[in-house]
Every structure is written in C-alpha cells, then in structure tokens.
Amino acid sequence: MKNYVEKMISCPTCGHHTPLIIDASNGDQDFYEDCRVCCNPIHCRLQVDESNDKLLAFVDADDEQYF
C-alpha cells in the first residue's frame, strides 16, 4: 500500500475542489483542513483497511450534527 496519496475532495460548504494529501503511514486519523476559498474547516477522517489494502477517506463539514 502507498503511504502518500493525493486525492481531490470537494468542500462540503462551498463545493470548491481542493487536493488532499493523505499520509497513511500513521494509521487511522482524524484531522481538519481549511478550505482555500471559503476558509471553513473540512473534517477529514482516514481509515486504513490493511486486510483489503485500502484507504477510506470520509469528508464532512465541521458543523454537521449527529443525533
């Protein structure tokens, strides 16, 4: 599995496409990136599935509520 991957994501607030560089060498991660256009935070969650040799990336807005 590659440790560094670059993927294009869409900002959940404004929809602008921005590159996201993923470092899979640290395992599962939970971090924030700021959108380059609207400056709102983008919540990124990375899950490493070593058994299937896959990286799963979940992207959402910081203000989304879970009930």
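**Exercise 1.** Decide whether cysteine 39 counts as buried or exposed.

*Solution.* Begin with the cut-offs, by which a residue is buried under 20% relative accessible area, exposed over 50% and partly exposed in between, with a 1.4 Å probe and protein chains only. Cysteine 39 has a relative accessibility of 56%, so this residue counts as exposed. Cysteine 11, in contrast, counts as buried because its relative accessibility is 4%. The structure is a predicted model, in which local features need pLDDT of at least 70 and side-chain atom pairs count only at pLDDT 80 or more, while totals for chains, interfaces and linings use all residues. Residues are numbered from 1 along each chain as its sequence is written, and side-chain values use heavy atoms, with hydrogens and water left out.

**Exercise 2.** Determine how many disulfides the structure holds, and explain why cysteine 11 is not bonded to cysteine 35.

*Solution.* A disulfide is a pair of cysteine sulfur atoms within 2.5 Å. For cysteine 11, the closest cysteine sulfur belongs to cysteine 35 and lies 3.8 Å away, which is too far for a bond. Cysteine 39 is in no disulfide either, as the nearest cysteine sulfur, in cysteine 38, is 6.8 Å away. The count for the structure is zero disulfides.

**Exercise 3.** List the residues of the largest nonpolar core, and find which strand gives the most to this core.

*Solution.* A nonpolar core is a set of buried Ala, Val, Leu, Ile, Met, Phe, Trp, Tyr and Cys residues joined through side-chain atoms within 4.5 Å. The largest one has eight residues, namely Ile9, Cys11, Leu20, Ile22, Cys35, Ile42, Cys44 and Leu46. Strands, which are DSSP runs of E with at least two residues, are numbered from the N terminus. Strand S2 (17–23) and strand S4 (41–49) are the elements that give two or more residues to this core, and S4 gives the most, with three residues.

**Exercise 4.** Work out the order of the strands in the open sheet of three strands, and explain why S3 and S5 each have one side without a neighbour.

*Solution.* Two strands pair if DSSP finds at least two bridges between them. The order in the open sheet is S3-S4-S5, and the pairing is antiparallel. S3 and S5 stand at the edges with a single partner strand each, so one side of each has no neighbour in the sheet. Between S4 and S5, the antiparallel pairing runs over eight bridges, and valine 48 stands opposite leucine 55 in S5.

Note on methods:
Helices (H or I, at least four residues) and strands (E, at least two) are DSSP runs, numbered from the N terminus.
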